[in-house]
Each structure stands twice: as structure tokens, then as C-alpha cells.
Amino acid sequence: MQDGDESIIRAVYEPVAVRFAEIQNDLGLVLDSAQLDHAEGLALDFLTALIGVRRQDAVVATGSARFSRGAAAGVDYTIPKGTTVQTDSDTPVRFVTTTSATLLSGNTEVDVAIKAVEGGVLGNVGANTLVVMPSAPSGIEAVTNPAETTGGVDEEADDELRARAEEQLSEGSAATPNSIITAIQNISGVKDVTYFGNNQDVTDADGLPPHSGEFVVQGGDGQTIAQKIADKKAWGDTLASGVHGSSDGPFTVTYINGQTDEFSISRPTEVQIYVDMDIEVTDEFAGTDSVRDAIVAYTGGLMSTGSTIEGDIGVGDDVIFGEIQYAIRSVDGVYDITALTVDTVDPPTGTANLAIGDGSVATADSNDDSITLTTTVVSP
């Protein structure tokens, strides 16, 4: 074969080989997108929808805005529903009023409920950060949010959606603890589920009766949870409650044949967390309530606004000392932590992780002096 012939063959077949390689790669991507373990984005949405699991949408943050003027109003001024307020930043976080309100004659301010325009954690802004009105209502001179906005949650990530879908697939299996846990986790408001079982012929060391199981459920409606357990558990299975948590019930459940039964579930025992700290702050410090609320956002509990939130940790999860430090440092204007103790007793003396027992869950409170702090203003 002549050199020229080889060049001609190469010129003809090289593009074909390249195209075959591209097709092979495209087929690989298609096959991956059709598998739950590898699909992403819209492809994952389509797959999970086939088994009735849909991606959880982002949740908008909510709060309250205070509209005001320097002098008392001489007439009534209306703040229309849908009035926009936002942060003073290059990429502002926008909120709108959810109802109309009136600044009455003789008054200087009025509070109005607001919600974020877009869902997600970016809507959880600090106090006194919503200070801009793109179009101020008549008679209104200023706006702010006296407390931080809360409740914003990001759209469910691919990994989280994939995990829920895989759990859903296992739900249709035999009445195993795992399948029942999966069923309970899909109930609205349920944050965490822990199962304890005893297959022995005698009561175990924790007090769980022989051949019984106990579900400790954080969040969710008790009656709905009990009925779901009844729908999934094997006939005759013995359920216990109040061994690893606090008993909740009894609840009356109905089986498919119309027969009724009563049993209780367990709720995690709340373990109060105490925190004491000395911190250095700058002039930009967001305030002591913001520090307390940052800790509560991690552990769960009562915020300074009076609302109760679920934290990042669940039943039986330890309180990580470093996470408490991180929560404190996340607050605007915190320069340094010079002393920190965390404990389950008051006054706190611990400087390490706190072990939370099985069937228990940590909780903190921004309002009862269980989180104390001393601040020193510095000029870094």
C-alpha cells in the first residue's frame, strides 16, 4: 500500500472513528441518566416521579418588617400587600408584605408580615438588614426587620432526593424495621426516626420487653405515625414505648379488616443544653440574640422570636463542641471566642463534645438564660 493510500484511508475513517467514540460516550450518559444511582437534575426528577417521590421545593423565609416615619402620622397611611423590602447589597434579598396594613394617624410605625420572594436559606437574613424600599408607600420614610427572618430551606439536593427514593423502594418490602422507618420518614413533619429492637426471650438491659420493638420519632403527628406503623408492621408484632424516650399515646389505629387496636409511640427525651461564653465583637456585631439563635439553629429549640425550630442534629446525635464554635463565629461581628463551655448542667463546665443518649435529643433555648455570653468590643 502506498503512503498516499494510507492518507486517504485515514482521512475517510478517522472522522468515523471519532463519531463512534462520541456516540459511545452519549450512550453512556443516557444509560447513566436512566439509573437512580447516577441520574442528576431533571433526569433524576423523572426517575423518582415514577415511584411517587418528588423533589421537595425550596421553602421561603418569613418574618416581620417595621415601616416607620420620623414624625407621627397626621392621616392614615396604607402599606399595600406585596410591598417590596430588601437588603442593602449588590445582590439584594427581596421580601414582600403578605398582607396590607395601615399606619394609623398619631403613630410612627407599624409591623407587617413578610415573606421572601425566592425560597432558600439565603432568605434567612439577620435582624435590621431589610432597610431598602424600592418603592416606598406614601407617608413611609424607613423600614427595617426588628428580628431575623427564618424558615428558608433550599430545594432538595440530588443526593437527598436519591436517598429518599431508594428508601421508598424499600418501603414496599417485607415489614422490616427499615421499611417502617422509611414509611414514617415520609410523613410530613417527621425529622428523625430511631428504632430499638429486642429479639431475645428476656427483657434487655435497657428495659425493652422480649420480642418487641420501639420507634422513637421526632416530629410529625402522633396519630398519623401510629396508623402508618399499623399499616406496615407484621400482624402480632409487639410494640413498646417509653423505654428509650417519652411515651406518646395511646392512639387508636384501624387495620384493613376494620379491627381496631391501641398502642403508643415514643418521642425523644429532650436534653437541655447550657452554653456560657466570652466573645470579642466589633462594631458590626449583630447582637446577643443572633448568637443564641445561631446555637439554637444547630441544636433545635426555641428561638428568640418565640418560634420553635428543628435543628441540624437528630435523635441520639452528640452535640459537637466545634459546631457550637462554628455557630457563634457565623454571626456578623463576632471577632473571637476567648472562652466557651458547653454542658447538660448549669453552670456549664465542659469543653468537649456532649454525648446524647439513645432516645434523647438536644435542645436549646434563646430566652431562658441557658445561653449566656459576655461581650467585649474590640477594634481589629
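**Polar contacts, salt bridges and helix packing in the predicted model**

The side chains of T144 and N128 are joined by a polar contact of 3.0 Å. This contact, like every other feature described here, is taken from a predicted model. T144 belongs to strand β8, which spans residues 142-144. When residues up to four places away in sequence are left aside, T144 touches S64, A65, R66, N128, L130 and V131. N128 is thus both a polar partner of T144 and one of the residues listed among its contacts.

Overall, the secondary structure of the protein consists of 7 helices and 20 strands. Of the 380 residues in the protein, 36% are buried. Among contacts with a separation of 6 or more, 66% are accounted for by residues 24 or more positions apart.

Charged side chains were examined next. The count of salt bridges comes to 8. One of them pairs R55 with D45, with a distance of 2.8 Å from N to O. Because R55 lies in the loop between α2 (41-49) and β1 (62-68) while D45 is part of helix α2, this pair ties together parts that are 10 residues apart in sequence. R55 has a relative accessible area of 15% and is therefore buried, the limit being under 20%. D45, with a relative accessible area of 23%, is partly exposed.

A salt bridge is also formed by D159 and R162, whose closest N and O atoms are 3.0 Å apart. Both residues lie in helix α3 (residues 158-171), and because they are 3 residues apart, about one helical turn separates them. The accessibilities of the two partners fall into separate classes: D159 counts as exposed at 59% relative accessibility, whereas R162 counts as buried at 11%.

In a further salt bridge, the side chains of R267 and D248 meet at 2.9 Å, N to O. This pair links distant parts of the chain, since R267 is in strand β13 (residues 260-267) and D248 is in strand β12 (residues 246-254), 19 residues apart. R267 counts as buried, at 16% relative accessibility, and D248 counts as partly exposed, at 24%. Salt bridges with shared partners also join D45, R55 and D158 into one network.

The packing of helix α5 (residues 222-232) was then considered. Its buried residues are G222, I225, A226, I229 and A230. These residues cover an arc of only 135 degrees around the axis, so they are placed on the same side of α5. The elements against which the buried residues of α5 pack are α4 (177-185), β9 (190-198), β10 (212-219), β11 (238-239), β12 and β13. Strands β12 and β13, which contribute D248 and R267 respectively to the salt bridge described above, are therefore also among the packing partners of the buried residues of α5.

With respect to α4, the axes of α4 and α5 come within 10 Å and cross at roughly 145 degrees. The crossing in which α4 passes α5 is right-handed. On the α4 side, the residues that meet α5 are I180, A183 and I184; their counterparts in α5 are I225, K228, I229 and K232. Of these counterparts, I225 and I229 are included in the buried set of α5.

How values were computed. Residues are numbered from 1 along each chain as its sequence is written. This is a predicted model: local features need pLDDT of at least 70, side-chain atom pairs count only at pLDDT 80 or more; totals for chains, interfaces and linings use all residues. Side-chain values use heavy atoms; hydrogens and water are left out. A salt bridge is a side-chain nitrogen of Lys or Arg within 4 Å of a carboxyl oxygen of Asp or Glu. Helices (H or I, at least four residues) and strands (E, at least two) are DSSP runs, numbered from the N terminus. Buried means under 20% relative accessible area, exposed over 50%, partly exposed in between (1.4 Å probe, protein chains only). The arc is that of the directions from the helix axis to the C-beta atoms. Contact means heavy atoms within 4.5 Å. A polar contact is a pair of N or O atoms within 3.5 Å; within protein, one must be able to donate a hydrogen and the other to accept it, and residues adjacent in sequence count only if both atoms are side-chain atoms. Axes are lines fitted to C-alpha atoms, for helices over the stretch in contact, and angles run from 0 to 180 degrees between N-to-C directions. A crossing is left-handed if the near helix is turned anticlockwise from the far one by less than a right angle, and right-handed if clockwise.
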